Amino acid sequence: MGRTLQNTMINLGLQNACDEAVYQLGLDMEELEEIEEDAGLGNGGLGRLAACFLDSMATLGLAAYGYGIRYEYGIFNQKIRDGWQVEEADDWLRHGNPWEKARPEYMLPVHFYGRVEHSASGAKWIDTQVVLALPYDTPVPGYMNNTVNTMRLWSARAPNDFNLRDFNVGDYIQAVLDRNLAENISRVLYPNDNFFEGKELRLKQEYFVVAATLQDIIRRFKASKFGSTDSVRTVFDSFPDQVAIQLNDTHPAMAIPELMRIFVDIEKLPWDKAWDITKRTFAYTNHTVLPEALERWPVDLVEKLLPRHLQIIYEINQRHLDHIASLFPNDVERLRRMSLIEEGNTKRINMAHLCIVGSHAVNGVAKIHSEIVKTQVFEDFAELEPEKFQNKTNGITPRRWLLLCNPGLAELIAEKIGEDYVRDLSQLTKLHKFVDDDLFIREVAKVKQENKVKFALYLEKEYKVKINPSSMFDVHVKRIHEYKRQLMNCLHIITMYNRIRRDPAKLFVPRTVIIGGKAAPGYHMAKMIIKLINAVAHVVNNDPTVGSKLKVIFLENYRVSLAEKVIPATDLSEQISTAGTEASGTGNMKFMLNGALTIGTMDGANVEMAEEAGEENLFIFGMRVEDVTELDRKGYNAQLYYDRLPELKQAVDQIKSGFFSPKDPNLFNDVVNMLFHHDRFKVFADYEAYVKCQEKVSELYLNSKAWTKMVIRNIAAAGKFSSDRTIKEYARDIWHVEPSDLKIPPPNEPRDAGQDKTPNGTAA
């Protein structure tokens with residue numbers, strides 16, 4: 001979520017008033033804002049997307065809730081020591097959190113372990129351990145519409161009789177100390193991005209958020225006029241018309257068997273009715289195609305922790321496979337591929353398959369990704385129910401990612417086309433008529449220059465390096481992962497360095513290369529990549545031959561509040577994942593909206609950015625998905641590229657020989673070995689095209705006016721990438737709710753009786 005103060009002031013239309021009031025108190029608002037901790041309760045793009053979605057849902061007046069876990073420790077703080085990443089706990093609640101309100105009156109029990117008893121009256125889950133879920137509510141204000149939605153985060157609490165109720169030997173002290181075991185559930189965020197780690201505590205977290213949330217939703221449904229009761233029993237027929245639940249990846253997949261458990265075991269609905277309601281309630285968003293990221297929980301673990309849910313999953317699977325067998329008799333291979341249960345050394349539950357079978361809609365997050373989902377990853381399921389599969393291209397909120405972080409540019413745009421674009425970003429197309437306006441071109445360039453100077457001062461303060469603000473700011477910030485190919489950027493840096501040394505007198509377009517991002521603590525290769533970048537930076541930045549022509553900076557502890565500083569100052573945005581691996585990307589959109597040009601592959605939303613702006617207004621290079629597939633078919637041989645490309649050979653040899661690690665020449669052996677023998681992401685295959693494309697970038701940068709005109713064309717084409725557009729599509733095609741443009745009257749004005757109409761349904 002990042003910081004909340006400035007975002008709240010902007011959405012409430014209070015920023016200028018607050019700035020002025022604080023100034024009159026002799027304080028500086030910006031200094032005050034820097035004191036607030038980031039709420040870092042997720043990993044990379046997935047978590048930030050949820051935050052943008054909350055802003056858009058409130059701005060569109062949807063009755064929507066964001067549910068999650070109130071981690072005591074969020075994503076770790078990253079320190080760089082001697083070039084290595086070191087993790088520190090993110091104690092973000094140390095000084096309290098003024099934005100949250102505990103709601104003990106809505107506390108709910110969540111059950112674990114135990115056993116299942118079957119009787120004539122149905123299944124009973126008994127002898128369980130209970131953990132209490134305490135909700136904390138954070139307000140989510142819409143932009144200038146007097147709507148405030150809720151983000152409800154659950155915290156784990158031990159019940160007061162924890163470990164004291166059972167035939168206890170009388171160790172009261174130990175029993176109280178053991179309360180920590182229950183409360184550990186919400187202690188810390190697992191810091192993996194695009195990687196599945198099958199730990200029991202993680203599964204506990206996933207079920208914890210799901211069980212608490214579903215009880216909350218059902219409580220609210222029963223309290224509303226829709227949860228009509230005949231005598232005692234609630235009628236749930238209208239449930240899917242009043243409630244929509246969007247599964248953000250497979251992490252909350254246990255919601256499907258949990259809702260079935262509530263309907264069948266507790267509310268005593270017949271299976272078929274319960275299943276129909278469940279399917280119509282859930283929709284699933286897929287966020288990655290990397291096999292190592294797909295959740296596959298061991299059956300033994302689920303059986304121990306959630307025995308009833310395992311039985312329900314088996315029943316869902318049996319009926320699912322019976323259906324497929326009736327359509328494809330004797331196709332046992334198809335049954336194996338489509339089963340929710342994977343046989344093997346350890347039997348596992350494929351959570352993506354569970355989500356597809358248990359949802360009425362499945363979507364990818366960019367056109368190319370949704371195609372890959374349909375034709376490759378889940379092709380059997382798409383063949384069965386093609387109408388279930390959709391695309392919803394991701395977006396970003398223009399409030400945080402333009403108004404808040406780049407007020408200079410936001411104001412300049414408003415002067416030209418008015419202020420309405422903030423709620424309707426498609427209006428940015430009106431900027432096309434100013435692409436040849438010399439004054440506007442100069443003003444856009446001036447805003448960028450001011451942002452660069454400000455960021456250069458920040459870097460000098462934080463990193464004690466002198467930055468040339470007229471150099472090209474070439475920025476690569478995102479989680480560190482092999483598929484994102486920070487290594488390819490690193491090879492380009494070494495290539496530029498070698499060119500400068502080979503011919504110091506030759507004209508060279510000065511660059512400041514900024515790379516930042518966190519590596520999962522257990523991801524060895526990602527940590528080696530950080531060390532390599534820092535080792536290269538040390539050599540480059542201290543070589544007098546290079547001077548101010550080339551500087552390399554690794555940005556420590558990349559997070560939302562730092563993104564808000566670096567993105568507006570960026571000239572060149574690096575989006576260079578291997579085609580077919582980045583589901584969408586959203587950083588790419590933030591840079592586009594803030595006046596950077598993109599160098600990138602035809603991957604994720606880059607494809608649609610090129611479609612909107614014209615491919616000639618992005619620096620597109622490298623293999624397309626088809627080329628990658630073809631190369632896989634032939635077999636990728638890294639050695640071929642190394643032998644054919646002298647500059648690549650030189651760069652790799654320098655890494656290999658210890659040129660960048662003279663004290664330990666073998667330091668980067670693992671990296672070099674990976675690049676030659678098991679590089680799934682084919683860095684060498686795109687190196688030549690990447691370097692050539694970078695030469696085109698430098699050439700254009702020399703012509704400031706031509707560069708800025710291309711920037712304006714990009715900003716004018718960025719309208720599609722508002723999360724407002726994304727959420728309107730979810731609302732229309734999946735949730736079946738109507739966004740409302742009605743500005744609710746402020747509380748001090750009497751409400752119009754006519755405005756009191758209940759909106760159609762709730763998106764949860």
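**Salt bridges and a parallel sheet in a predicted model**

User: In this predicted model, how far apart, N to O, are the side chains of Asp127 and Arg115 in their salt bridge?

Analyst: The side chains of Asp127 and Arg115 form a salt bridge in this predicted model. Asp127 sits in the loop between strand E7 and strand E8, while Arg115 belongs to strand E6, 12 residues away. The N to O distance of the pair is 2.7 Å.

User: Is Asp127 buried or exposed?

Analyst: A residue counts as exposed when its relative accessible area is over 50%. The relative accessible area of Asp127 is 55%, so this residue is exposed.

User: Which parts of the chain does the salt bridge between Lys705 and Asp438 tie together?

Analyst: The side chains of Lys705 and Asp438 meet at 2.9 Å, N to O. Lys705 lies in one helix and Asp438 in another, so the pair ties together parts that are 267 residues apart in sequence. These parts are helix H30, which holds Lys705, and helix H19, which holds Asp438.

User: Are Arg3 and Asp38 buried or exposed?

Analyst: Arg3 and Asp38 form a salt bridge whose closest N and O atoms are 3.7 Å apart. Arg3 precedes helix H1 and Asp38 lies in the loop between helix H3 and helix H4, so the pair joins parts 35 residues apart in sequence. Both Arg3 and Asp38 are buried.

User: Which are the edge strands of the open sheet of six strands?

Analyst: The strand order is E21-E20-E19-E22-E23-E24, with parallel pairing. Within this sheet, E22 and E23 pair over four bridges. An edge strand pairs on one side only, and the strands that do so are E21 and E24.

Methods: Residues numbered from 1 in each chain as written. Predicted model: local features only at pLDDT ≥ 70, side-chain atom pairs only at ≥ 80, totals over all residues. Heavy atoms only, no water. Pairing = 2+ DSSP bridges. Helix = DSSP H or I, 4+ residues; strand = E, 2+ residues; numbered from the N terminus. Salt bridge = Lys/Arg side-chain N within 4 Å of Asp/Glu carboxyl O. Buried < 20%, exposed > 50% of the residue type's maximum accessible area, 1.4 Å probe, protein only.
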